[in-house]
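Work through the exercises below with the sequence and the 3D structure open. Try each task before reading its solution.

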Amino acid sequence: MVEIIALSAVAIKAGLGRGDFCCHDVVQAHLDQIAARNPRINAFVTLCADQALDQARKLDQTARDEWGPLAGLPVGIKDVTETAGIRTTFGSKLLADNIPRKDAAVVRRLKAAGAIVMGKTNTPEFAAGANTTNALFGATRNPWDMTRTVGGSTGGGAAALASHMVPLAEGTDFGGSLRIPASFCGLVGLRPTAGLVASDPVEQPWDVGRVNGPMARSAQDVALMLGAIVGVDDMSPISARPDWQVAPLDLANWVGRFDARGLRFGYAPDIAGMGIDAGVAQTCEKALSQIAGLGVAIQGSKLSLADSNAAYQVLRGQWMVCNYAPYLDRLDVLNPSLRKNIEAGLKISSLQIAQARAQQKRAWLRLLAEFDTCDVIATPTAPVPPFPVDVSYPDQINGRALTNYVDWLAQTYLITLTGFPAVSVPVGLDANGLPVGLQLIGKRYCEPQLLGLAQAIQTALPLPCPA
């Protein structure tokens, strides 16, 4: 069974198709890995082993020509994404015993594709934080170094992938919640174009800030999962059919064959003006020569979105109030950071929101103009390496003090502000043996190109497994 958990999702799918093993074997192998690794890492907070095994047996008794594109593949679901009959706590004491009656849209798509839900993965309370810890379940630890954080807020899913508990994980991304944990754990995490993956149920159905998306150990696996979950959903008013030249279910094969030659690649080292840790910068810059070896035309970019940091903070405050309005009379129960964010949002004026929207437009137009000369823009995903697990957030970069606890997320949240899709791909290890991710940004609906380039980079710059 060790051989199964070492395989990619694409390879497991191929093995199931050949009859090398059955769905029950796949699920049991990953359950064994969860039993061995989860007690220390704390990636899964709710496990549904019996349900997963039952689903695997049913698939094994079904003709293979009736299987969906993800049939038999174990997946971890973030503990803020609703799952029918499976506890979904949002990492909060307020919802410690919450059992939803129906699945979120993305879970419905995963199940329809044959994926097997293994359980719920850890998250900060209401996914508001970039260190995955909460009062219900405690902290999730980084498989690369158990003293370090996995980031957040899809940290449980990232830890489960890095320690081979599952080959696929679902998550959400608003300020970088898929991209930061992917960077910290040596994975691929995609923030799709808003609407590409239906987001029902949410408090703000027209919201384009928070998206659901896939994470895996390879870009090809991310493509396999993404192809199965895209599409229109009546309960998600911004959902849309992908504007791709490739059929969604063929995306993984297309990504695996992608030829990056001729791509124009712009590297912007610090779009946020917050600084980049020297080790992170060095690892990213070292990777550029090998990326150039793929036939990619690399050029420097002076792109800066630093003047949009305040705009994001304002719009984030508005988003906090809208999403957590049902809990305004119970703020004392929430963790201090989340409570302060909501309270700050309550003080924002209509004029501030209008000014922030105007700045958001300027940032969008500035980034759009960059695509006149670049097909893909790249930045370091996170400006710092994984920090100690008992630290809430870094308070300085290269000795320069940060003024806000989300300042260090600006490399990712500024891309959220512009609305463009982005993926984090691992490009190496720093001097301490910790993963470093490169963020690839493209135009709306360019996910195939981003994932194809990410897969080519992974092939050229393979990472070892965490010890």
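**Exercise 1. Classify two asparagines by exposure and backbone angle.**

Step 1. N42 has a relative accessible area of 16%, so N42 is buried. Buried means under 20% relative accessible area, exposed means over 50%, and partly exposed lies in between (1.4 Å probe, protein chains only).

Step 2. N42 sits in the loop between helix 3 (23-41) and strand 1 (44-47). Helices (H or I, at least four residues) and strands (E, at least two) are DSSP runs, numbered from the N terminus.

Step 3. The phi angle of N42 is near 65°, which is positive although the residue is not glycine.

Step 4. N398 has a relative accessible area of 51% and is therefore exposed. N398 belongs to the loop between strand 14 (396-397) and strand 15, and its phi is near 55°, again a positive value in a residue other than glycine.

A note on the source: this is a predicted model, in which local features need pLDDT of at least 70, side-chain atom pairs count only at pLDDT 80 or more, and totals for chains, interfaces and linings use all residues. Residues are numbered from 1 along each chain as its sequence is written, and side-chain values use heavy atoms, with hydrogens and water left out.

**Exercise 2. Describe the overall form of the protein chain.**

Step 1. Count the elements: the protein chain has 15 helices and 17 strands.

Step 2. Why is the chain as compact as a globular protein of that length? Its radius of gyration is 20 Å, close to the 23 Å that the globule rule gives for 467 residues, so the chain is as compact as a globular protein of that length. The radius is taken over C-alpha atoms, and the rule is 2.2 Å times the number of residues to the power 0.38.

Step 3. Along the principal axes, the C-alpha atoms fill a box of roughly 60 × 55 × 45 Å.

Step 4. Of the 467 residues, 60% are buried.

Step 5. Among contacts with a separation of 6 or more, 76% are between residues 24 or more positions apart. Contact means heavy atoms within 4.5 Å.

**Exercise 3. Find what surrounds S92, L94 and L334.**

Step 1. S92 lies in the loop between strand 2 (74-78) and helix 5 (105-112), and L94 lies in the loop between strand 2 and helix 5 too. L334 is in the loop between helix 11 (309-324) and helix 12 (336-346).

Step 2. The relative accessibility is 0% for S92, which counts as buried. L94 is buried at 15%, and L334 is buried at 4%.

Step 3. Leave out residues up to four places away in sequence. S92 then touches E125, F126, L136 and L334. L94 touches F126, Y327, R330, V333 and L334.

Step 4. Check from the other side: the residues that L334 touches, with the same neighbours in sequence left out, include S92, L94, E125 and F126.

Step 5. Compare with a distance across the structure: the C-alpha atoms of L334 and A228 are separated by 35 Å, with their positions 106 residues apart along the chain.

**Exercise 4. Classify two aromatic pairs.**

Step 1. A pair of aromatic rings is described by the distance of the centres and the angle of the planes. Rings of Phe, Tyr and Trp (its six-membered ring) pair if their centres lie within 6.5 Å; planes under 30 degrees apart count as stacked, over 60 as edge-to-face and the rest as tilted.

Step 2. The whole structure holds 13 aromatic pairs. In one of them, the rings of F184 and W408 have centres 6.0 Å apart and planes at 15°, so this pair is stacked.

Step 3. The pair links distant parts of the chain, with F184 in helix 7 (residues 179-185) and W408 in the loop between strand 15 (400-401) and helix 14 (410-418), 224 residues apart.

Step 4. For F371 and F420, the ring centres are 5.4 Å apart and the planes are at 65°, so the pair is edge-to-face. F371 and F420 are 49 residues apart, and both are buried.

**Exercise 5. Locate the cis peptide bonds between G152 and S153 and between D200 and P201.**

Step 1. The bond joining G152 and S153 is cis, with omega about 10°. S153 lies in the loop between strand 7 (145-149) and helix 6 (155-162).

Step 2. The bond from D200 to P201 is cis, with omega near -5°. P201 lies in the loop between strand 9 (188-191) and strand 10 (211-216).
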